[in-house]
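Please open the model in your viewer and keep the selection panel at hand. The tour below goes from one selection to the next and says what is found at each stop.

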Number of protein chains: 2
Amino acid sequence: MLINLDFESSEPIYQQLVFQIIEGIARKDFRPGEALPSVRSLASDIGINLHTVNKAYQQLKLEGFIQIHRQKGVVINPDGVPKADERYKQQLEKNLRPLIAESICRDYGEEEFLLLCKMIYKNYQGGRT
Amino acid sequence: MLINLDFESSEPIYQQLVFQIIEGIARKDFRPGEALPSVRSLASDIGINLHTVNKAYQQLKLEGFIQIHRQKGVVINPDGVPKADERYKQQLEKNLRPLIAESICRDYGEEEFLLLCKMIYKNYQGGRT
DNA sequence: GTATCTGTTATAGTTATAGTATAACAGTTA
DNA sequence: TAACTGTTATACTATAACTATAACAGATAC
């Protein structure tokens, strides 16, 4: 579990944690069915409160990334992450709009923008970062 | 000034305001040099506090979208918005990474993702939304 | 059976952010 | 002089993030 948190960042710790685990899944560092640390052990590893870890786990569970079994522990969803549905695509578009609007204002062209996206895609699918 | 705020949203009002104005510039509803309402009039138009508007204006000023003249008022930057620099590109990449990581997890392919971006680009450059 | 491990729930406190409500100041303009 | 700019200051409420404990319920290992 290589978790990299920035305690100076204004981005909440639990959000950073959520993203790091999603990144791990995207990068295939975490495979379906694989176990994650318990809320207590991960919290003490990172040096944060167990509620902060729990909050991240709850969000990941809600979005289908992991499963939480009361007495067994936490595992990456063995059935894989639920595929993109209409709701997800709408949310994605909503999230992309501000980025693209600002890029247009800053004369950052569509081609450059798409190239950047491709670069990030490749970055994940290539393996380790 | 067509401003559309969602008071139920968890996204802060001043952030929504910032984005709406950036969108307006991207869509060329607002042209360089064009005047924006005063903090007081916009605040009373929308039905919010003048400090909330001021906070949005200050952020837009900091990022070069607008200029604020103490006794004249607020105008869209006559010199145009500063072009994308290295710092901006890095920030953009940082913002895109979570979206792309989750898309990969959800089996939302690179082609679909890029198509969505193109669609949004077209949406802005076509004119009104 | 007792101890230890799970996730879960509850309570309480601190800190920071968002938003509002007033009020006042310093210039500009009609 | 009056009405308009942005700006600054103070104060208050509400909420989110994070921490600190404590306890509960079920599973498992000795």
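## First stop: a loop in chain A

Select D107(A), which is found in the loop between helix 4 and helix 5 (110–125) of chain A; helices here are DSSP runs of H or I with at least four residues, strands are runs of E with at least two, and both are numbered from the N terminus. The model is a predicted one, in which local features need pLDDT of at least 70, side-chain atom pairs count only at pLDDT 80 or more, and totals for chains, interfaces and linings use all residues. Residues are numbered from 1 along each chain as its sequence is written, chains are lettered from A and ligands numbered from 1 in the order in which they are written, and side-chain values use heavy atoms, with hydrogens and water left out.

With D107(A) still selected, check the backbone: its phi is near 60°, a positive value in a residue other than glycine. Then add K83(B), with which D107(A) forms a salt bridge whose closest N and O atoms are 2.7 Å apart; the term requires a side-chain nitrogen of Lys or Arg within 4 Å of a carboxyl oxygen of Asp or Glu. Across the interface of chain B and chain A, this rule finds 4 salt bridges.

## The interface as a whole

Now colour the two chains separately and show their shared surface, where 43 residues of chain B are in contact (heavy atoms within 4.5 Å) with 43 residues of chain A. The area buried between the chains, meaning the accessible area (1.4 Å probe) that the two parts lose on being put together, summed over both, is about 4,600 Å², and carbon and sulfur atoms give 70% of that. On the chain B side, select R97(B), R106(B) and Y121(B), which lose the most area to chain A and together account for 18% of what that side buries.

## Helix against helix

Next, show helix 4 (residues 86–105) of chain A with helix 5 (residues 110–126) of chain B, which pack at an angle of about 55° with their axes 9 Å apart; axes are lines fitted to C-alpha atoms, for helices over the stretch in contact, and angles run from 0 to 180 degrees between N-to-C directions. That angle makes the pair oblique, since angles under 35 degrees count as roughly parallel, over 145 as roughly antiparallel, 65 to 115 as roughly perpendicular and the rest as oblique. Among the residues of helix 4 of chain A that meet helix 5 of chain B are L92(A), L96(A) and I100(A), and the residues they face in that helix include F113(B), L116(B) and Y121(B).

Replace helix 5 of chain B by helix 4 (residues 86–105) of chain B: its axis and that of helix 4 of chain A come within 11 Å and cross at roughly 170°, and the two are therefore roughly antiparallel to each other. Here Y88(A), N95(A) and L99(A) are among the residues of one helix in the contact, and Y88(B), N95(B) and L99(B) are among those of the other.

## Last stop: chain A alone

Hide chain B, and 5 helices and 3 strands remain to be traced in chain A, following the pattern α-β-α-α-β-β-α-α along the sequence. Finally select V39(A), in helix 2 (residues 39–46) of chain A, which, leaving aside its neighbours within four places in sequence, is in contact with L50(A), V53(A), N54(A) and Y57(A). V39(A) and Y57(A) are 18 residues apart in sequence and 8.1 Å apart in space, C-alpha to C-alpha.
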